[in-house]
Amino acid sequence: MSTDNQIQLPIYVDTPSIKKDSMAGDGPFKATVEIQNNLGFPGEKVENWQQVAIDKMAETKSKYKSVQVFLDSCMKCGACTDKCHYFLGTSDPKNMPVARQDLFRSVYRRHFTFAGKYFPKLVGAKDLDEEMLDDWYNYFHQCSQCRRCAVFCPSGIDTAEISMAAREVMNVIGVGQKYTNQILGKVKKIGNNLGMPEPALKDTLMDLEEEIKDDTGVDVKLPIDIKGSEVLMVSPSADFFAEPHIDGLIGYAKVFHESGVSWTLSSYASEAANFGMFIGNYEIMREGALRIRKAAIDLNVKRIIIGECGHAWRVAYSFWNTLSGIGSGAQDKYALQLQNQLDSNYPQPQHMIEFTYDLIKNNKLSFDKSKNNHRVVTFHDSCNVARGSNMGDIKDGQFILPREVIKAACNNFIDMPKNTIKSSTFCCGGGGGLLTDDLIDLRIKGAKPRMHALKKTEEESGVNTLAAICAICKSQFSKVLPNYDFDPYMVVSVHQLVSDAIVLKDTKDQKD
Ligand code: SF4
Ligand code: SF4
């Protein structure tokens with residue numbers, strides 16, 4: 001089945017020999033004037049861009065102390081150099097995490113340290129000139145903000161935060177990325193990444209209800225905008241649109257049906273994803289979170305549950321409290337109103353995996369696991385879930401719960417090699433705002449370490465199904481798997497596995 005275009009995987013992903021400037025270039029497509037202006041950024045590079053950038057760096061370092069600590073504390077120990085999937089896949093030394101950081105750090109030193117101001121050459125301090133800006137744009141868009149390097153850094157330096165800070169500086173001088181900023185504009189205007197208007201969304205849900213009825217004979221509902229429901233479910237809009245995501249949405253619906261808990265989607269907050277995090281912009285990230293808060297208040301729900309989306313879960317789990325007061329944190333009028341409204345007997349927010357897991361644990365769901373017997377399943381830990389959140393209020397719950405849900409629905413489960421899963425998981429290669437076709441070469445190369453681990457598991461254990469709980473990972477895998485001689489349809493949502501094996505009570509009753 002191999003073709004000339006396919007990448008031959010070695011037995012082990014060795015640290016590659018360096019190929020200097022192998023990924024040099026212009027970076028992804030830049031945002032147009034209109035796209036930039038929609039988000040309140042300058043449409044084009046401002047005249048005094050260097051000064052504006054330095055002022056923004058000063059603001060960032062005083063606002064986010066972590067960034068300053070990261071910039072000051074690198075010991076150049078080299079532990080991170082071979083930990084980034086983009087370096088392993090491209091061999092470009094500027095994709096070593098420490099080198100990526102140094103693009104930002106050298107400018108920081110030049111302007112914010114004594115030695116850098118007076119003896120720049122001695123301490124590797126550099127000006128932010130056109131050449132440096134080009135490198136920033138190119139290489140900070142070759143970082144998926146996956147945080148794998150931070151796991152191996154003895155000082156805990158998180159390159160993802162530096163990458164976010166660099167993208168934020170570039171946006172305020174008028175140099176933004178088309179893909180992320182265009183999507184953020186759609187969420188602002190319509191409410192979801194796909195720009196899918198309310199009537200289209202409602203039609204899709206009705207079609208899905210009919211499909212489930214045809215398939216199972218059971219009236220499983222996908223309710224939308226139902227006031228007074230117990231649960232507001234916020235899922236990534238990819239779940240409404242295409243396979244394999246949509247099969248996960250069907251799975252959520254079947255689980256809710258079996259639970260007897262009333263639930264609703266919202267046409268106003270029809271997007272769990274929050275690309276504001278990718279561009280390091282707090283205000284834009286907050287706007288996304290506030291849409292969900294407004295929907296929760298308007299619909300008067302008691303619980304908020306998030307669907308299968310990696311970075312959305314990180315934003316919800318780690319940042320919603322201060323962004324919007326969901327959980328605790330913010331103290332404004334609406335935050336307090338929502339805190340009073342939500343049921344404190346449940347985690348707020350909660351992940352769909354937690355909801356399903358709790359039902360499984362309490363014997364509230366039945367499965368016919370043989371329905372998945374044609375599958376040998378492995379699980380990809382998505383970076384933002386693995387290294388940016390938890391689930392289920394137990395240590396390592398974000399690793400345990402998804403695997404337990406899969407095992408409840410499938411007889412054959414096998415993990416990929418230990419150094420490529422859980423907190424050491426490799427990025428899919430398309431996270432952090434890089435899931436765009438103008439970066440396809442980078443995406444294919446960056447997927448190499450994950451593909452290698454998958455190949456090994458396929459060869460040793462016959463794995464034929466790759467399950468994930470992130471819309472970006474699923475889309476990225478569907479696209480790049482053929483480049484590594486895999487079937488693109490081997491990617492599934494975890495809730496698709498649930499959907500295929502769950503026994504609906506009404507079906508059972510009908511048979512009885
Ligand atoms: S955060 Fe991930 S993509 Fe970025 S440098 Fe670190 S390992 Fe590479
Ligand atoms: S592992 Fe940490 S301290 Fe060592 S070179 Fe990398 S960023 Fe610097």
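In this predicted model, the domain assignment divides the chain into domain 1 (33–176), domain 2 (192–353) and domain 3 (366–501). A good place to start is the meeting of domains 2 and 3, whose C-alpha centres lie 22 Å apart. Here, 28 residues of domain 2 are in contact with 30 residues of domain 3. On the domain 2 side, the elements that each give two or more residues are α12 (245–259), α14 and α16 (352–361). Of these, α12 gives the most, with 8 residues. Sorted by class, the side of domain 2 that touches domain 3 has 16 nonpolar, 7 polar and 5 charged residues.

We can now turn to a single helix, α13, which covers residues 282–299. With its 18 residues, α13 reaches 26 Å from its first C-alpha to its last, and this is close to the 26 Å expected at 1.5 Å a residue. Which residues of α13 are buried? They are Ile284, Met285, Gly288, Ala289, Arg291, Ile292, Arg293, Ala295, Ala296 and Leu299. It helps to recall that an α-helix has 3.6 residues a turn, so residues three or four places apart point the same way. With that in mind, the reader may like to trace Ile284, Gly288, Ile292 and Ala296, which are among the buried residues of α13. The buried residues of this helix pack against three other helices and three strands: the helices are α10 (178–189), α14 (310–324) and α15 (333–341), while the strands are β1 (231–234), β2 (263–264) and β3 (303–306). Just after α13 comes Asn300, and its phi is positive, near 55°.

The model also holds ligands, and their surroundings are worth a look. Ligand 1 is surrounded by 15 residues, and the closest are Cys84, Pro97, Cys143, Cys146 and Cys149. Which helices supply at least two residues each to this shell? They are α5 (97–112), α8 (148–152) and α9 (159–172), and the largest share, 3 residues, comes from α9. By class, the shell around ligand 1 has 7 nonpolar, 4 polar and 4 charged residues.

Around ligand 2, the shell includes the run Cys74, Met75, Lys76, Cys77, Gly78, Ala79 and Cys80. Pro97, Val98, Cys153, Ser155 and Ile157 also surround ligand 2. This shell divides into 9 nonpolar, 2 polar and 1 charged residue. Pro97 is thus a residue to find in both places: it is listed among the closest to ligand 1 and also in the shell around ligand 2.

Conventions: Residues numbered from 1 in each chain as written. Chains lettered and ligands numbered in written order. Predicted model: local features only at pLDDT ≥ 70, side-chain atom pairs only at ≥ 80, totals over all residues. Helix = DSSP H or I, 4+ residues; strand = E, 2+ residues; numbered from the N terminus. Expected span 1.5 Å × (residues − 1). Buried ≥ 20, exposed ≤ 12 C-beta atoms within 10 Å, placed from the backbone. Contact = placed C-beta atoms within 7 Å. Domains from an automatic or database assignment. Nonpolar A, V, L, I, M, F, W, Y, C, P; charged D, E, K, R; others polar. Near = placed C-beta within 6 Å.
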